[in-house]
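User: Please take a close look at one part of this model, the interface of chain A and chain B, and describe it for a first-year student.

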Amino acid sequence: MKKDVYISGMNCITPLGFSVEENFDNLIGGISGIKRHENEMVPNAYFSAIVEDARLNAEFAKKSSSGSYTKLEKMMILALCPIVEKSKSDLGTRTAFLLSTTKGNITALESGNIQKAQLHDLAQTVADFFGFKSEPIVVSNACVSGILAISVAKRLIQSGLYDQAFVVAGDLVSEFVLSGFNSFQAMSDAPCKPYSKNRTGVTLGEAAAAVLVTSDASHANARILGDGSMNDANHISGPSRTGEGLVLSVESALKEANLPANKIDYISAHGTATPFNDEMEAIAFNRLGLQDKPLHSLKGFYGHTLGASGLLETVIGIEALKQNKLIASAGFDEIGVSQNVNVIRENEDRFLRYFLKTASGFGGCNTAVVFEKEGSFGE
Amino acid sequence: MEDTLYIKSYASIENGKISVDGKTVFESSVANVSDFLKESVRHFGIQYPKFFKMDNLSKLAFLGSELVLKDNPNPETALLFANSSSSLDTDVTYQESIADKGNYFPSPAVFVYTLPNICLGEISIRHQLKTENSFFIFGAFNPDFFIGYAENLIETGKAANVLCGWTELFKDDYKAFVYLVSSEGKKAHTKQNIESLYTN
C-alpha cells in the first residue's frame with residue numbers, strides 16, 4: 001500500500017492578486033488579468049496578463065532589501081513565503097524543493113548572461129533564499145511542467161526519498177516567448193477564448209504559484225489520488241488528433257485513484273484556445289466519457305502562463321473544491337469544438353469533492369492528476 | 001521493494017567516443033558536435049530522415065536511446081531524462097535570431113526546440129512510446145533522484161521499463177549516458193553501479 005500524499009499550503013502571485021483569496025475573489029467577480037500591450041518586444045500590439053512591477057517590488061521589499069533578484073525570482077519567492085513560514089518545518093535533506101518552469105530567467109540571454117539563464121541557477125537562488133538543504137529539482141517539461149511537478153513530488157515522497165516537498169512554478173512573458181508563439185502564428189488578436197467558435201489562439205501570461213506536498217495529513221486541503229503523464233508519440237509541435245496521450249494520462253490517473261470517471265465533479269482543463277489544442281481535448285474528454293462534467297479553462301483570466309499554468313490552475317481548483325464553487329470559463333461564448341464539452345458558462349455553487357486537472361504541451365506531453373477534497377464525507 | 005531491478009543495457013557518448021554495454025562501438029576525431037552526431041548515425045546505419053531536422057540536444061538523446069532500445073524494444077518503456085543546461089544551446093541560437101530588429105528571423109522550427117523535453121517527444125515518436133515521460137534539470141548528474149523516480153514508476157505499475165538518460169549539451173561540450181532499468185538483467189540497479197557506469 002502506497003502512502004497517502006496531500007497538498008497542504010497553497011499560494012499564487014498573478015495579475016489578479018498576491019494571495020489565493022484575492023485571486024479567487026477576482027475570478028468569481030469575472031475579472032480578467034489580460035490587457036492590451038504595445039511595445040518593442042514584438043512588431044504588433046498583443047494581449048497578455050502581466051504582473052505589475054510596482055506592486056511586486058513593494059511586496060518584495062517587505063521580505064528582502066536585496067536588489068539582486070530578477071522579476072521571476074521575486075514572484076517565486078513571494079509565492080513560497082507564506083507557505084514556508086506557516087509550515088515551520090525543517091528544510092533539511094528530507095524536504096525536497098521542486099521548481100517548475102519552461103524558460104526561467106531567459107531574458108538574461110539578452111545581455112549574454114548564460115549562467116543566469118541556467119535553470120538550476122534560478123532554482124539555487126530561490127532555494128538559498130529559504131535555506132533549503134536538498135539539491136533543487138527542476139521540472140522542465142513544456143506546458144505540463146506545473147502540474148507534472150505535483151505528480152513528481154508525490155512520487156518522490158512515495159518512493160521514500162522525502163517526507164515533504166515545497167513546489168514552486170513560474171514563467172514570465174518575454175520577448176523570447178512572445179516572438180516564438182508569434183512565429184507559430186499561434187497568438188490571439190484578442191483576449192483568448194478557450195473552446196469558443198471564434199477562438200484564434202493563445203494569450204500569454206505570467207504568474208508564480210506554490211504548494212506544499214506532504215505525507216502529513218494534519219493541515220491538508222486535498223489528497224492527490226492519482227496521476228499520469230503519457231506522451232502522444234505523434235508530433236513535437238502539435239497535439240494528437242485523437243487525444244491519445246491525454247486519454248492515457250487520465251486513464252492512468254483514474255486507475256491509480258481507483259475512481260470511476262463518473263465520480264469526477266469538475267475538470268480544470270488546459271484550454272489554450274488554439275484551434276488544435278481545444279479540439280484535441282474535446283475529443284479526449286468524449287472518449288473518456290467526461291463530456292458532461294463541468295469544465296473550464298482559466299486561460300481566459302490569466303492567459304497561458306506556460307510552466308506556471310498547471311500549478312496555478314491546481315491551486316485555484318483546490319480552492320474551488322474548498323469553497324464548493326464552479327468558476328465560469330472566461331472568454332467562452334459559442335461552443336467551437338466538434339464534440340461537445342460542458343463548458344461552465346456561469347459561476348455556480350455546487351458540492352465538489354473530486355477534481356481533475358489536465359495539461360498538454362509541446363513534445364507531445366500530457367499530464368492528468370485527480371484530487372479529492374480533504375474532509376469527511378459520511379463514509 | 002518487491003522486485004529486484006537491473007540495468008539491462010547502457011550507452012555513453014562522450015569525447016568523440018560511443019560505447020554500448022561497456023564496449024567501444026564508434027570513435028571519431030570530428031570536433032563539431034553536430035557533425036559528429038550525424039557521422040555516428042550514418043555509421044550505425046540508422047535510417048531516419050527526421051534526425052537531420054533535430055537540434056543537437058535531441059540528436060544526442062535520440063542517438064543514445066537508439067543504441068539502448070534497438071535490442072530492447074518494449075512499448076511500456078517510460079522516459080526519464082535530465083541534464084544541466086536544459087535547451088540553452090538552442091535558446092542561444094533562437095535569441096540571436098530575434099536580437100537584431102533589422103535582421104529579425106524568429107523561426108518556429110528553431111523555437112520548438114527551446115524546450116528540453118522535445119527530445120523525449122522525438123524518442124517517443126521513433127519508438128512509439130505512449131508512456132510516462134519527464135525531463136529534469138540538475139546542476140550535476142543526480143543518481144539518487146533517477147533511482148527513486150525510476151523505481152517508483154515500475155513499482156506503481158506505470159511502466160515496465162524505464163529508459164534513464166543524462167543528456168548534457170551546450171555548444172561543443174556534450175555527454176550522454178543512457179541506461180535501461182528493467183526487471184531483467186545482470187547488473188543490479190544500485191547507486192554504486194550507476195555512478196561507476198556514468199564515470200567510465
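Analyst: At the interface, 56 residues of chain A are in contact with 52 residues of chain B, where contact means heavy atoms within 4.5 Å. This is a predicted model, in which local features need pLDDT of at least 70 and side-chain atom pairs count only at pLDDT 80 or more, while totals for chains, interfaces and linings use all residues. Residues are numbered from 1 along each chain as its sequence is written, chains are lettered from A and ligands numbered from 1 in the order in which they are written, and side-chain values use heavy atoms, with hydrogens and water left out.

The size of an interface is often given as the accessible area lost when the parts come together. Chain A and chain B bury about 4,200 Å² between them, and 61% of it lies on carbon and sulfur atoms; buried area is the accessible area (1.4 Å probe) that two parts lose on being put together, summed over both. Within chain A, the residues that lose the most area to chain B are A:Arg155, A:Phe176 and A:Ile236, together 15% of what that side buries.

Polar and charged links also cross the interface. Between the two chains there are 24 residue pairs in polar contact, both residues at pLDDT 80 or more. A polar contact is a pair of N or O atoms within 3.5 Å; within protein, one must be able to donate a hydrogen and the other to accept it, and residues adjacent in sequence count only if both atoms are side-chain atoms. The rule finds four salt bridges across the interface, a salt bridge being a side-chain nitrogen of Lys or Arg within 4 Å of a carboxyl oxygen of Asp or Glu. B:Lys158 forms a salt bridge with A:Glu256, with the closest N and O atoms 2.7 Å apart.

Several elements give two or more residues to the side of chain A that touches chain B, among them helix 6 (145-158), helix 7 (175-183) and helix 8 (244-257) of chain A. Helices (H or I, at least four residues) and strands (E, at least two) are DSSP runs, numbered from the N terminus. Helix 7 of chain A provides the largest share of that side, seven residues.

Strands meet across the interface as well. Strand 5 of chain A and strand 5 (residues 133-137) of chain B run antiparallel and are joined by two bridges; two strands pair if DSSP finds at least two bridges between them. Opposite A:Val138 stands B:Ile137, in strand 5 of chain B.
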